[in-house]
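Hi,

Here is the structure I promised to pass on. Have a look first, and my notes on what turned up are underneath.

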Amino acid sequence: MSLSAPTFPAVSGAPFRVAVAAACYNESLVGALLDRTVAALRKAGVGAKKLTIIRVPGSNELPSAAQMLAGSLRPDVIVALGVIIRGDTIHYELISEAVTHALQRVALDSRVPVINGVVVAENRAQAAARCTGRIDRGAEFARAALAMAALRRKLRR
Ligand code: RBF
């Protein structure tokens, strides 16, 4: 994962409905990631009533949750948050790859952008740097979400 955060213009979140699905596995890390994502969305203007947050057991459940959210709420964008740590699972590669592909599939099938906010890390320290440390992945995911929500609104037929 790159350390250089993408730079794109700030987008106001005021017009958008945003749904966030967050895994409970590695709770302290995902909880911090969720707090940072929500803080950045709110700071960008997403109203409290336009923000839906649901929790699922682990990252493996994020694609189904995203699919359900896309079908029921029809939000402008979905953010899927999780933390997968190599040492914690022998099927680390399998889960992270499967989740990545499935989130993309949900986005393409539902036409609702899905932000892949699953932090995949070699170890707990690396994951902590991205969720609670100086690398603010939460804010990055929030910015990506609003950029995609704005793009969808602009180009949607
Ligand atoms: N879920 C995560 O979000 N991150 C993990 O690092 C993680 N490690 C797991 C390790 C093992 C051995 C197992 C069985 C599950 C793990 N899960 C993890 C949970 C997984 O995403 C899912 O919730 C369960 O497999 C139930 O489908």
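Let's start on helix H5, where you'll find Met-148. Keep in mind that this is a predicted model. Met-148 counts as partly exposed because its relative accessibility is 34%, which falls between the 20% and 50% cut-offs. Together with Leu-151 and Leu-155, Met-148 makes up a nonpolar patch on the surface, and the three share about 270 Å² of accessible area.

Now for the inside. The largest nonpolar core counts 29 residues, and Val-18, Val-20, Leu-41, Val-79, Leu-81 and Val-83 have the most contacts within it. Two or more residues each come from strands S1 (18-23), S3 (77-85) and S4 (114-121), and from helices H1 (27-43), H4 (124-131) and H5 (137-155). H1 is the top contributor, giving seven residues. There is also a second, separate core of 21 residues, with Ala-65, Ala-80, Ile-84 and Tyr-92 among them.

If you'd like one residue to click on, try Val-83. Beyond its neighbours within four places in sequence, Val-83 is in contact with Asn-26, Leu-29, Val-30, Ser-59, Val-119, Ala-127 and Cys-131.

And the cysteines? How many disulfides does the structure hold? Zero. For Cys-24, the nearest cysteine sulfur belongs to Cys-131 and is 14 Å away, while a disulfide needs the sulfur atoms within 2.5 Å. Cys-131 is likewise in no disulfide. As for their surroundings, Cys-24 is partly exposed, at 35% relative accessible area, whereas Cys-131 is buried, at 0%.

Cheers

Key
Residues numbered from 1 in each chain as written. Predicted model: local features only at pLDDT ≥ 70, side-chain atom pairs only at ≥ 80, totals over all residues. Heavy atoms only, no water. Core = buried A, V, L, I, M, F, W, Y, C linked by side-chain atoms within 4.5 Å. Buried < 20%, exposed > 50% of the residue type's maximum accessible area, 1.4 Å probe, protein only. Helix = DSSP H or I, 4+ residues; strand = E, 2+ residues; numbered from the N terminus. Contact = heavy atoms within 4.5 Å. Patch = residues over 30% accessible without salt bridge, like charges linked within 9 Å, V, L, I, M, F, W, Y side chains within 5 Å. Areas by Shrake-Rupley, 256 points an atom, 1.4 Å probe, with all protein chains shown as cover. Salt bridge = Lys/Arg side-chain N within 4 Å of Asp/Glu carboxyl O.
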